[in-house]
Amino acid sequence: MLPLLTGVFGNPSSAHAYGRAARAALDGAHESVAARLNAQGREVVFTSGGTEANNLALKGAAWAGKGRGHRIVTSSVEHHAVGHTLRYLEKFGFEVVELPVDRYGRVDPDQLEAALNDKTILVSIMLANNEVGTIQPITEIAARVRTRKGVVFHVDAVQAAPYVDLDVEALGADLVSLGAHKFEGPKGVGALYVRHGTHILAQQQGGTQERHRRAGTENVAGAVGLATAYELACAERAETVARLREQRDRLLAAVLETAGVEATGHPKERLPGLLSIVARDTDGASVAMSLDLEGIACSVGSACTTGSTEVSHVLTAMGYPEEEARGALRLSLGRTTTDDEIATACDVVPRVIASMRLGTVAVTADPLGQSVSA
């Protein structure tokens, strides 16, 4: 990204030499991402992140299909970037059908097919859940969607992108959302795959950038950063997945030795780098704060809901009562996670959970050197 941040200042829409240099870099990024999706460069639209990619997909497809129908089918465990966008569309007369999930967070393809009717214009199901890591049976769902002509199928693949092959032909998706920071690319840039022939209405007006689908001067350095990071993630995927699966299982075994702890999400069809648990009789936010003081960064659900006092809508949809859902904890592993860090976590996480359940008060020092009660 550095040459594009420090020297290549041309606008990629300009015809002069400086603009052409920026355009070449941008076109290369389109082609790089497309190659790893088994797609064409013209089918990739760069956005400001996964949230905008989801908004463009859902609003764009909904408004483009309004003349044919108004029903949109989704699941009860989607990321807020999908769920809240669909709530917004309801204000304009669209009907949103939210499918239930089982105890593991999976959609039943039979129920999805039953929810489709002649007024259905759009189906949106995430590939992998960002809180519990459950992977949906996307190819089977896509086959059910294909039984209804003209229905657009959107897949939020933001969480899955580093670990799952996103061959769009195999997935059977018309629209696929990506976010660069999930695979160590720059924050604030994403991409939307739009299958050739799939009509969406642009959600911001202005110039003709991104083939009239997303107006505004492109973030060239961000696009190149996304493309490069995704290329590296795909090249290292097999090795990374195998290592993370082994590390996650080791940490899970240690955590499950603590009384009252249960792993959430599907036991097999799940992302390798995500460990989601419920620690009964604890407050997840308090546990996360104590772990932070011990040098372990984790969350109580989605990183996008930090500060929220509401329990996870994902766990609620999976049947967990509120008092149990408040004990949720999510630990994420990545390509830089070391075995030594896992060993530390295997010691610290169970100990902190046990101490929080017992109601003991540990006094420790925060990074500023102040005494803190946890």
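This is a short walk through one sheet and one of its residues, His154, in a predicted model.

Hi everyone, thanks for coming. Please keep in mind that what you have in front of you is a predicted model.

Let's start with the sheet. It is open and has seven strands, and the order across it reads β1-β7-β6-β5-β4-β2-β3, with mixed pairing. What stands at the edges? That would be β1, residues 44–47, and β3, residues 95–99. Each has a single partner strand, so one side of each is left without a neighbour in the sheet. As for twist, neighbouring strands are turned by 20 degrees against each other on average, if you ignore direction.

On this sheet packs helix α3, residues 50–64. The helix touches β1, β2, β4, β5, β6 and β7, and its direction makes about 160 degrees with that of β6.

Now let's step across a few strands. Take β4, residues 120–124, and β5, residues 152–156: they pair in the parallel sense over three bridges. Within that pairing, Ser124 has His154 as its bridge partner in β5. On to the next pair: β5 and β6 also run parallel, joined by three bridges. Here His154 turns up again, with Leu175 as its bridge partner in β6. Then the sense changes, as β6 and β7 pair antiparallel over five bridges. One of the partnerships there is Gly179 with Gly190 in β7.

So, is His154 buried or exposed? Its relative accessibility is 0%, and because the cut-off for buried is under 20%, His154 counts as buried. Which residues does His154 touch, leaving aside those up to four places away in sequence? Among them are Asn54, Ala57 and Leu58, as well as Val82. The list also includes Leu122, Val123, Ser124 and Ile125, and then Leu175, Val176 and Ser177. For a sense of distance, Gly225 is 71 residues from His154 in sequence, and the two C-alpha atoms are 24 Å apart in space.

Let me finish with β6, residues 175–179. Why can we call this strand largely enclosed by the rest of the structure? Because five of its five residues are buried. Both faces are covered, too: Leu175, Ser177 and Gly179 lie on one side, with Val176 and Leu178 on the other.

That's my tour. If you have the structure open, try finding His154 in β5, then look across to its partner Leu175 in β6. Happy to take questions!

Methods
Residues are numbered from 1 along each chain as its sequence is written. This is a predicted model: local features need pLDDT of at least 70, side-chain atom pairs count only at pLDDT 80 or more; totals for chains, interfaces and linings use all residues. Side-chain values use heavy atoms; hydrogens and water are left out. Two strands pair if DSSP finds at least two bridges between them. Helices (H or I, at least four residues) and strands (E, at least two) are DSSP runs, numbered from the N terminus. Axes are lines fitted to C-alpha atoms, for helices over the stretch in contact, and angles run from 0 to 180 degrees between N-to-C directions. Contact means heavy atoms within 4.5 Å. Buried means under 20% relative accessible area, exposed over 50%, partly exposed in between (1.4 Å probe, protein chains only).
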